[in-house]
Amino acid sequence: MNSNITKKDLNKTMWRSCGCSFSWGYERQGNIAYAYAMIPILKKIYTQKDKMAESLKRHLEFYNVTNQCMTFNLGISAAMEEEASQNSEFDNSAINKTKVAVMGPISGIGDAFFWGTFKIIATAIGTTFALKGSILGPILFFLLYNIPAFAVRIGLMKAGYGFGAKFLAQVGSNGIMGQLLKAATILGLFVVGGMCASLVNLNIIYEISDGANSQTISDLLNQIMPCLSSLLVFALTYWGVIVKKVQPVMMIVIMTMVGIIGAFLGILG
Amino acid sequence: MIVTAIILGITAFALFVIEHAGGRNFVTQPIIVGFIVGLVMGDLKTGITVGATLELAFLGATSVGAVIPPDAMTGSLLGVAFVIYAGASAESALILALPIATLVLIFKNFYYGYIVSLFVRKADKYAEAGDYKGIERIHWMTGLGMALMIGVLVAVSFAAGSDAMSRLLNAIPGFVQTGLNVMVGLLPAIGFSMLARTMLNKSNVHIFLCGFALVAYSKLPILGVAIFGVVLALIIVQMEKEKTTVVAGGVDNEF
């Protein structure tokens with residue numbers, strides 16, 4: 001593979017990854033930031049407008065990750081986009097499938113490290129000094145957290161690209177790509193299913209009573225299956241947005257109306 | 001008062017931009033915010049100690065994944081500022097900080113839910129045209145818009161005083177606040193739908209359900225889900241490979 005992507009391009013993307021949470025939103029989360037960070041790479045490999053458009057659309061899909069770990073995904077995407085630009089037989093959908101498959105695991109590890117370990121250590125040491133009014137408190141807090149954080153960010157950029165390129169070189173020659181795509185789809189779907197259960201929430205607090213005792217509808221649904229209401233919300237949303245092609249903005253308005261009217265009537269909370 | 005309010009607003013704006021365009025470097029944590037406000041208002045020692053007190057108070061309120069806690073930055077910024085301005089105790093900073101943090105959270109939720117979605121639509125249009133410069137602009141506008149909103153909220157809150165803030169918070173009907181919280185629980189379903197769109201079909205919907213059920217019943221963290229996902233993917237791919245090897249073996253016999 002003759003590479004057009006230089007170290008400088010990867011560095012630019014690495015710095016841009018610092019904007020991971022800058023343009024964050026509930027609907028597709030870190031998607032704008034992801035596309036923004038990919039641009040130095042895409043500019044280098046896609047000269048045709050339509051190819052650029054196709055790739056930009058790809059990177060505006062839903063994305064969320066532990067901030068400092070974003071570069072690992074970006075590196076893999078960079079290697080895959082490069083392959084896609086040179087190999088017309090490359091299945092472009094693999095780029096996003098890999099992205100989805102990787103973001104879950106690295107967020108799991110990343111959140112544990114950064115929010116769990118590094119932040120707690122920095123806070124413990126920082127507040128000990130700061131409670132006495134020492135300026136060392138905030139300074140130590142900042143350094144203890146950010147030195148490892150930036151080291152990881154920089155290291156993962158290199159690792160992601162190297163991993164992506166090596167990986168592609170190995171699978172490119174034989175039929176492994178198909179199997180890998182299949183595996184990535186399975187892993188991606190599995191993780192999205194899991195995230196639906198943990199991140200989509202609907203609490204129906206309307207109570208039904210049989211005279212002696214009363215319970216909310218959510219309690220009742222949870223007895224059938226925990227998170228059943230989340231599953232129903234996802235199914236309805238999927239049906240609306242994907243099958244019936246309701247505009248996402250419209251869907252947000254519908255959800256707000258449901259929330260406010262539901263809360264007003266005392267059904268949702 | 002007004003000048004201080006404006007300076008605090010600019011401080012909030014700058015801190016938000018440095019934090020979120022600078023790789024989530026935690027300059028908006030109360031311990032740093034207290035230090036900066038102390039610096040700006042000329043009482044460094046109070047700033048640092050109150051900041052540390054608030055840091056510990058907000059310790060549980062960290063945003064992991066898609067959950068946004070009450071806004072610790074604005075809460076602690078105004079809490080520290082009122083303490084220095086009025087000479088109150090560090091504990092009273094917390095009483096001031098929480099309602100403000102909650103009020104700002106409502107605004108932030110509105111921004112994250114609606115305004116950002118509008119920007120995303122616009123970004124989609126630019127992507128369609130292959131206009132990467134447009135997407136770069138959207139990225140900056142989205143973040144700067146949020147920073148501006150927070151800066152204005154901080155300046156107005158400080159100028160109005162904390163009494164006015166808690167009155168305003170109380171004036172918003174409870175059901176609207178609850179309703180917005182309900183919406184926040186529903187919104188990720190849109191993103192997941194878009195995500196599942198390219199993968200989900202009738203023949204693999206059970207895989208999605210399998211991941212869902214695993215978390216629903218066990219509350220397994222996402223890393224655990226991913227490990228089981230990898231195992232499941234390996235098993236399925238392995239099984240299919242064996243199937244094709246048998247077929248390939250049959251072909252070999254013909255030579």
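From the N terminus on, the elements of chain A follow the order α-α-α-α-α-α-α-β-β-α-α-α. In this predicted model, chain A thus presents 10 helices and two strands. Its C-alpha atoms occupy a box of roughly 75 × 60 × 30 Å along the principal axes. The domain assignment divides chain A into domain 1, spanning 7-194, and domain 2, spanning 200-264. Between the C-alpha centres of these two domains of chain A the distance is 32 Å.

Chain B has 11 helices and zero strands. Read from the N terminus, its elements run α-α-α-α-α-α-α-α-α-α-α. The table lists burial and contact values for each chain.

| Chain | Residues | Share counted as buried | Share of contacts (separation of 6 or more) made by residues 24 or more positions apart |
|---|---|---|---|
| A | 269 residues | 52% | 69% |
| B | 255 residues | 47% | 65% |

**Nonpolar core**

The largest nonpolar core comprises 159 residues. Within this core, the residues with the most contacts are A:Ile32, A:Val191, A:Val192, B:Leu77 and B:Ile135. Helix H5 of chain B, residues 90-128, supplies the largest share of the core, with 15 residues. As a general tendency, nonpolar side chains in soluble globular proteins are buried together.

The surroundings of A:Ile32 involve both chains. Leaving aside residues up to four places away in sequence, A:Ile32 touches A:Ser23 and A:Leu60 among its contacts in chain A. Its contacts in chain B include B:Phe119, B:Val120 and B:Ala123, together with B:Ile135, B:Ile138, B:His139 and B:Thr142. B:Ile135 therefore appears in two roles: it is listed among the residues with the most contacts inside the core, and it is a contact of A:Ile32.

**Helix packing in chain B**

Helix H2 (residues 30-41) and helix H4 (residues 72-86) of chain B have axes that come within 9 Å and cross at roughly 40°. This angle makes H2(B) oblique to H4(B). The crossing of the two helices is right-handed.

On the side of H2(B), the residues that meet H4(B) are B:Pro30, B:Val33, B:Gly34, B:Val37, B:Gly38 and B:Met41. Their counterparts in H4(B) are B:Ala72, B:Met73, B:Ser76, B:Leu77, B:Val80, B:Ala81 and B:Ile84. B:Leu77, which meets H2(B) in this packing, is also named among the residues with the most contacts inside the largest nonpolar core.

**Positive phi values in loops**

A:Gln29 has a positive phi of about 60°, although it is not a glycine. This residue lies in the loop between helix H1 (7-16) and helix H2 (31-45) of chain A. A:Gln29 counts as buried because it has 25 C-beta neighbours inside 10 Å, the threshold being 20 or more.

In chain B, B:Phe26 is a residue other than glycine with a positive phi, near 70°. B:Phe26 is located in the loop between helix H1 (2-21) and H2 of chain B. With 21 C-beta neighbours inside 10 Å, B:Phe26 likewise counts as buried. The helix that follows this loop, H2 of chain B, is the one whose axis crosses that of H4(B) at roughly 40°.

Key: Residues are numbered from 1 along each chain as its sequence is written. Chains are lettered from A and ligands numbered from 1 in the order in which they are written. This is a predicted model: local features need pLDDT of at least 70, side-chain atom pairs count only at pLDDT 80 or more; totals for chains, interfaces and linings use all residues. A nonpolar core is a set of buried Ala, Val, Leu, Ile, Met, Phe, Trp, Tyr and Cys residues joined through C-beta atoms within 7 Å. A residue is buried if 20 or more other C-beta atoms lie within 10 Å of its own, exposed if 12 or fewer, and partly exposed in between; C-beta atoms are placed from the backbone. Helices (H or I, at least four residues) and strands (E, at least two) are DSSP runs, numbered from the N terminus. Two residues are in contact if their C-beta atoms, placed from the backbone, lie within 7 Å. Domain bounds come from an automatic or database domain assignment. Axes are lines fitted to C-alpha atoms, for helices over the stretch in contact, and angles run from 0 to 180 degrees between N-to-C directions. Angles under 35 degrees count as roughly parallel, over 145 as roughly antiparallel, 65 to 115 as roughly perpendicular and the rest as oblique. A crossing is left-handed if the near helix is turned anticlockwise from the far one by less than a right angle, and right-handed if clockwise.
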